[in-house]
Structure formats: C-alpha cells, structure tokens
Amino acid sequence: MSPIPEFDDGERWVVESTLKERYGKIVSVQLADVELKLAAEDAQLTACPTLYWEERGAGFVIAKIGDGRYRSMFFYADDPLEEQFGAGKPVYDDLLECVTAVLRVQADHEKERKGAHSGRTAQDLTDAP
C-alpha cells in the first residue's frame with residue numbers, strides 16, 4: 001500500500017480559510033501525524049498526515065486517511081477524561097464538509113457544556129435553580 005499523500009497547498013487553504021471565516025482571525029494550523037486504524041478490522045495502525053489547531057479551549061484534528069478522504073475529531077484540553085469527539089460521519093470525501101462538520105459539532109457541544117440546551121428559552125434558563 002502506498003503512503004497517504006501529505007496535505008497540499010489547496011487543502012491547507014480550504015482549512016485555513018474556513019477557520020478564518022469561523023473565528024474572524026487567522027488561526028495557526030500545524031502539520032502533524034497521527035496513527036489510526038483505517039478500518040475497524042485493521043490489526044495495525046497507519047500513519048496519517050494531520051492538520052491540528054486549538055481554539056476556544058478545544059483541540060481539533062483533521063486526518064487525511066487517503067487521497068481525498070478525511071477524518072476529524074476534537075477534544076478539550078481541560079477534560080480529565082480526555083474524551084475525543086467525532087464530527088458526524090466517520091469518513092468525509094469533501095474536506096470543506098469535514099472541517100465545517102467538526103466546527104459545527106464542537107460549537108454545539110460547547111453550548112451544551114455551558115448549559116444551553118436546544119428547546120430551552122431564556123425564561124427556562126432564568127428559572128433554573
């Protein structure tokens with residue numbers, strides 16, 4: 001099996017532009033590698049090129065698991081359980097969709113961590129003990 005190609009300039013641009021639009025500023029994106037099982041039945045781990053950034057107390061990872069195939073997750077640095085959270089689908093074939101999904105899921109999770117649940121009104125939050 002051939003190694004997974006590194007993120008190219010176009011892919012980095014998609015991620016960096018999406019982050020700038022989301023946060024209203026330039027976010028530092030680092031190149032890294034992670035080892036992942038590409039399929040549940042795999043016995044071995046595969047080194048995958050990765051883009052990593054931190055924002056709003058969370059760490060984000062976009063791993064390239066094949067040509068045009070991506071996996072994303074986020075985690076909280078202050079989480080004693082060091083839980084990792086996925087972003088919907090296990091594999092994306094569209095990088096913009098992958099980045100957008102992980103940002104959306106993390107934003108929803110951040111709201112839940114702060115006690116803002118969907119369907120609750122301002123009055124519900126005011127009346128809460």
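**Entry 1: the β4-β5 pairing.** I looked up Phe-74 and found that its bridge partner in β5 is Phe-85. Strand β4 (residues 69-76) is joined to β5 by three bridges, and the two run antiparallel. For my own record: strands are DSSP runs of E with at least two residues, helices are runs of H or I with at least four residues, and both are numbered from the N terminus. Two strands pair if DSSP finds at least two bridges between them.

**Entry 2: ground rules.** I am working with a predicted model, where local features need pLDDT of at least 70 and side-chain atom pairs count only at pLDDT 80 or more, while totals for chains, interfaces and linings use all residues. Residues are numbered from 1 along each chain as its sequence is written, and side-chain values use heavy atoms, with hydrogens and water left out.

**Entry 3: the whole sheet.** I traced an open sheet of five strands in the order β1-β2-β3-β4-β5, with antiparallel pairing. β1 (30-36) and β5 (84-86) are at the edges with a single partner strand each, so one side of each has no neighbour in the sheet. On average, neighbouring strands are turned by 35° against each other, direction ignored. Angles here are taken between lines fitted to C-alpha atoms, for helices over the stretch in contact, and run from 0 to 180 degrees between N-to-C directions.

**Entry 4: the helix on the sheet.** Next I checked helix α1 (residues 9-23), which packs on the sheet and touches β1, β2 (46-55), β3 (58-66) and β4. Its direction makes about 20° with that of β2. Contact means heavy atoms within 4.5 Å.

**Entry 5: Lys-25.** I found Lys-25 in the loop between α1 and β1. Is Lys-25 buried or exposed? Lys-25 is partly exposed, because its relative accessible area is 41%, and the class lies between buried (under 20%) and exposed (over 50%), with a 1.4 Å probe and protein chains only. Leaving out residues up to four places away in sequence, Lys-25 touches Leu-19, Lys-20 and Glu-55.

**Entry 6: cores.** Leu-19 led me onward: with the sequence limit of four places, its contacts include Val-27, Trp-53 and Leu-103. Leu-19 is also among the residues with the most contacts inside the largest nonpolar core, which has 23 residues. Such a core is a set of buried Ala, Val, Leu, Ile, Met, Phe, Trp, Tyr and Cys residues joined through side-chain atoms within 4.5 Å. I noted that α1, β2, β3, β4 and α2 (95-113) each supply at least two residues of this core, and that α2 gives the largest share, six residues.
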